[in-house]
Amino acid sequence: MADYNHSKIEQKWQLYWEENKVFKAEIEPDKPKFYVLDMFPYPSGAGLHVGHPLGYIASDIVSRFKRNKGFNVLHPMGFDAFGLPAEQYAIQTGQHPAITTEQNIKRYKDQLKGIGLSYDWDKEVQTCDPKYYKWTQWIFSQLFNSWYNNLSNKAEPIDDLIVIFEKEGNQNVVAACDEDTAVFDVNQWNTSSDQEKAKILLNYRLTYPADALVNWCPELGTVLANDEVKDGYSERGGYPVERKKMRQWMMRITAYSDRLAGNLEKLNWSESMKEMQTNWIGKSYGCELDFKVIDKDITLTCFTTRPDTIFGVTYMVLAPEHELIDELTTPERKEEVDAYIQKAINRSERERMSEVKTVSGVFSGSYVTNPFTKEKVPLWIADYVLAGYGTGVVMAVPSADDRDFRFATYYGLPVKRVIAGTENLDDPTEIKHGKMINSGFITGMNSKDAVKATIEHAEKEGFGKAKINYRIRDAVFSRQRYWGEPVPVYFTDDGIPHLIPENELPLELPSVDEYLPTETGEPPLGRAKDWLYKGKYNYELTTMPGWAGSSWYFLRYMDANNEDTFVSPEAVKYWNSVDLYIGGTEHATGHLLYSRFWNMFLFDKGFIFHEEPFQKLVNQGMIQGRSNIIYKLKDENKFVSVGLKGDDDVIELHVDVNIVNNDILDIDAFKSWMPDYKDAEFELENGKFKCGFAVEKMSKRWYNVVNPDDVIEKYGADNLRMYEMFLGPIELSKPWNTHGIDGVAKFLRKLWGLFYNANGDFVVTDEKPKAEEHKVLHKTIQKVERDIENLSFNTSVSEFMICVNALNQLKCHKKEILEKLLVVLSPFAPHISEELWQKLGHEQSIIFASYPKFNEEFIREDEYEYPIMVNGKMRTKIKFSLDKNPKEIEAEVLENEVVKKWLNSKTPKKVIVVPKKIVNVVV
RNA sequence: GCCGAAGUGGCGGAAUUGGUAGACGCGCACGACUCAAAAUCGUGUUCCUUCGGGAGUGUGGGUUCGAUUCCCACCUUCGGUACCA
């Protein structure tokens with residue numbers, strides 16, 4: 001074979017790997033394991049674009065590297081197959097989402113295989129497969145049957161809780177439960193009806209039904225996802241959207257807040273990722289304070305982290321969703337309050353949080369008493385207070401809080417300064433901590449001591465208590481959708497939910513005539529005919545969210561085909577937690593928290609043996625599109641090259657990047673792509689029509705999507721793999737530009753040229769390598785090995801280029817060098833490496849070769865060329881033997897002609913000699 | 001708004017983490033081969049310059065013998081913001 005024929009080689013080896021199940025991972029107790037995981041994709045209808053495989057290639061390099069290093073590697077792939085897009089397509093076309101999903105998965109798999117990724121496909125999972133979601137439902141059942149004991153700090157069986165209730169009521173139970181759970185004794189429990197008992201238990205279960213706000217679109221008759229809502233209107237159709245309370249299943253993730261936050265320090269994740277999760281969980285220390293409403297038998301409890309500023313409270317604010325608003329609104333204020341609430345409640349939380357420039361609120365007519373000062377303070381309602389955080393009640397201190405200050409300024413409410421130094425400031429919130437002033441018994445204390453003192457005082461007086469608050473909320477687990485896992489629950493006539501028994505799982509998705517809600521506004525499952533448990537009880541009609549299936553898939557991979565359990569103890573004991581997890585930052589606070597939560601729960605229950613699922617996490621950046629833009633003169637059927645557009649009035653049009661090369665437009669291709677312009681004129685510069693460009697999201701809409709299949713066909717999978725890595729650091733986002741790929745293509749041809757000459761003769765020899773050749777090889781081994789450990793793949797590719805260029809220069813065709821180079825290269829470019837490895841006479845796949853050992857001897861240097869700086873500017877370089885001491889170096893440097901010239905016969909103030917680094921002469 | 005990340009030649013990026021800024025590659029220019037083109041190979045390529053040198057890593061300050069790297073303030077872009085996945 002004379003030429004490097006990538007298509008032939010790549011097909012040959014992909015077939016070989018598949019037929020021989022080379023990547024099959026089985027438990028081998030005597031071998032160290034390594035689990036490399038990719039975030040599995042949602043198989044969209046558009047197929048993979050060139051941005052998707054970035055992380056997959058990186059993790060594949062690590063997987064192959066670890067195999068060569070002697071590890072038993074688990075490297076699986078699957079599909080997050082439930083989701084909105086397939087359902088949306090089903091609504092439009094009537095096609096069952098299972099069918100489109102299956103087609104999309106097939107396409108994805110073909111594409112992934114074409115890249116030469118070393119997955120063990122026998123371990124594939126699909127979340128929409130009943131064999132898989134049987135266990136998702138099973139985990140739901142386990143959660144339903146559990147409560148969180150804050151004394152043992154773990155999840156425990158609900159039956160144990162019932163035993164406690166039967167013995168002593170709930171007075172001594174310290175549990176994660178609903179805020180409004182009543183205290184009861186044994187008698188009260190034992191005399192309660194079964195229905196009452198069931199209701200009480202729901203307050204404790206780790207999954208439970210509750211009312212939660214959703215985006216309800218009456219016109220579409222459906223609930224919308226946040227990103228389907230734009231400015232209060234549905235993205236499709238533009239119909240008004242209102243926020244409506246609906247019965248939803250919730251997950252009591254808040255039970256795990258403290259462990260989720262605390263465990264982060266043990267994980268090998270980036271600090272920024274840990275910080276994002278920490279902030280999301282948002283643990284804060286503070287206290288609850290009770291404010292009595294004047295002339296009403298109501299006490300409002302607020303949470304605050306700044307009780308030290310209590311003497312600066314000038315008003316009180318309720319969230320517009322607060323349940324007591326009706327009672328707290330005086331008759332004469334009612335009309336205005338109702339109007340305000342109507343408006344405020346339909347604004348999204350994000351909108352309410354981010355619009356800080358405009359404030360809005362309304363006075364309720366009621367007053368409360370500040371428990372410390374006994375002052376009468378007006379009670380307002382404002383949408384900057386969210387019902388979901390704290391208690392939905394805020395004590396407003398305009399002198400110490402930015403939002404309170406803006407609000408008070410706008411509505412002319414008083415501002416009472418309580419921190420020294422703020423007295424004469426226009427904006428007192430510039431100073432938030434310091435010595436307290438105008439603050440009764442805490443005057444003179446610093447803020448920190450004052451916090452303590454006020455809490456102690458409140459506890460003693462009985463109107464407050466210290467409290468740890470979390471920003472994280474229980475997660476809504478219901479979706480009013482069809483294409484998701486059915487919740488394995490039915491309801492008896494008393495409205496009490498019951499689990500479908502384990503041996504009857506999975507509860508499969510029924511078929512429906514249409515994927516829309518029912519006329520009465522029930523979710524699509526309400527359309528299923530005669531769909532009743534035991535022919536008489538209603539099933540739960542909502543389905544599980546996208547994150548249900550993805551919260552435990554990493555466990556299923558270990559034992560993907562087990563029909564008796566979700567994962568066997570043997571498998572999970574051996575494979576344990578994921579050693580390297582690669583995926584996007586966009587999952588920072590969703591998937592990555594929910595997965596940790598479920599994993600922790602399964603650990604508590606003793607089903608698995610590691611508390612944290614992902615030891616090391618790396619976030620890959622996104623590959624953005626690089627769009628090409630052409631400019632058409634307004635009112636003329638004429639396009640101008642980018643350099644000629646000047647200040648003319650032009651219309652910008654996106655053109656398909658696939659008919660543009662190096663920003664030069666293929667005009668004929670353009671005319672057949674856009675027949676409307678087949679008669680247009682083109683004004684060229686230097687004989688070419690040059691396009692402008694923009695970096696934006698890779699999307700059909702901008703005609704900037706590059707399909708990996710096309711790249712592979714033209715350049716090969718090895719080339720695609722190396723080029724994707726060569727683009728830059730894995731964590732950074734960067735635009736895709738196919739032009740640069742030629743550099744890697746040249747590299748692969750040069751590599752091939754070390755084995756075959758231009759006539760197609762195999763030129764590899766058995767000669768002994770020279771010192772220089774060993775040096776080139778071992779420098780590469782050292783660099784690449786270190787780079788892979790640091791996941792710095794772009795610099796590895798550079799190093800390979802440097803290495804091959806150097807070997808070409810040395811005319812090195814020696815087997816001893818080349819075969820080691822192939823093993824080092826094989827994780828990056830596995831196909832060409834396999835082929836050349838075979839040509840060198842090896843019968844076993846390069847996958848099983850062991851990684852060459854780096855030998856320091858070969859790269860040892862005995863001299864170093866010091867850059868010589870004068871006043872921090874590099875002026876010359878001088879070589880010194882490494883055993884020369886700094887004194888000798890200094891003396892010789894000062895004798896150097898160039899240095900003398902710069903010294904200009906002045907005596908240097910100081911000479912800094914940093915061994916093996918630099919010499920700096922300071923004048 | 002809040003939380004997180006990033007900003008270095010015409011472009012993607014490198015810099016062993018405080019020590020030669022621009023490795024490697026693309027593009028571009030010139031040269032070789034060719035009747036010619038493509039491909040290939042070679043040389044050059046941060047900017048300014050009076051050819052001595054000067055400036056330079058988003059902007060403005062600071063620390064240091066020395067800053068892309070550390071500190072302070074700001075600007076821009078990207079991700080998340082609880083029902084997209």
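**Helix packing, sheets and local backbone features**

In this predicted model, residues G743, V744, F747, K750 and L751 of helix α23 meet F800, M801, V804, N805 and N808 of helix α25. Sorted by class, this contact comprises six nonpolar, three polar and one charged residues. Helix α23 covers residues 741–753 and helix α25 covers residues 793–809; their axes come within 10 Å and cross at roughly 40°. Angles from 35 to 65 degrees fall in the oblique class, and α23 and α25 are therefore oblique to each other. The crossing in which α23 passes α25 is left-handed. Two numbers serve to describe such a pair of packed helices, namely the angle between the axes and the distance between them.

Attention turns next to the sheets. Strands of a sheet pair through backbone hydrogen bonds, in either a parallel or an antiparallel sense. An open sheet of four strands follows the order β7-β6-β10-β18, and its pairing is antiparallel. Its edges are formed by β7 (222–224) and β18 (475–476), each of which pairs on one side only. Within this sheet, β6 (residues 207–217) and β10 (residues 242–251) are joined in the antiparallel sense by ten bridges. One of the residues involved is Y208, whose bridge partner in β10 is M250.

Another open sheet has three strands, ordered β4-β3-β5 and paired in the antiparallel sense. Here β4 (154–157) and β5 (175–176) are the edge strands; each has a single partner strand, so one side of each is left without a neighbour in the sheet. Strand β3 (residues 146–149) runs antiparallel to β5, and two bridges join them. N149 has A175 of β5 as its bridge partner. Helix α6 (residues 158–168) packs on this sheet, where it touches β3 and β4, and the direction of α6 makes about 75° with that of β4.

Both senses of pairing meet at strand β36. Strand β33 (residues 863–870) runs parallel to β36 (residues 918–922), with three bridges between them, while β35 (residues 910–914) pairs with β36 in the antiparallel sense over five bridges. Which residue of β36 is the bridge partner of M869? The partner is N920, and N920 also has I912 standing opposite. Strands β35 and β36 form a hairpin with three residues between the strands, and in this hairpin K916 takes a positive phi near 60°.

Aromatic contacts can be surveyed too: a search of the whole structure finds 67 aromatic pairs. Among them is the edge-to-face pair of F639 and F670, with 5.6 Å from centre to centre and 80° between the planes. F639 belongs to strand β26 (residues 638–640) and F670 to helix α20 (residues 667–673), so this pair ties together parts that are 31 residues apart in sequence.

Two loop features of the backbone complete the picture. The peptide bond joining L505 and P506 is cis, with omega about 0°. P506 sits in the loop between β20 (497–499) and β21 (532–533). Elsewhere, N576 has a positive phi of about 55° although this residue is not a glycine. The loop that holds N576 runs between α18 (569–575) and β23 (580–584).

Definitions and conventions. Residues numbered from 1 in each chain as written. Chains lettered and ligands numbered in written order. Predicted model: local features only at pLDDT ≥ 70, side-chain atom pairs only at ≥ 80, totals over all residues. Heavy atoms only, no water. Pairing = 2+ DSSP bridges. Axes fitted to C-alpha atoms, helices over the stretch in contact; angles between N-to-C directions. Parallel < 35°, antiparallel > 145°, perpendicular 65-115°, else oblique. Left-handed = near helix turned anticlockwise from the far one by under 90°. Contact = heavy atoms within 4.5 Å. Nonpolar A, V, L, I, M, F, W, Y, C, P; charged D, E, K, R; others polar. Phe/Tyr/Trp six-rings, centres within 6.5 Å; stacked < 30°, edge-to-face > 60°.
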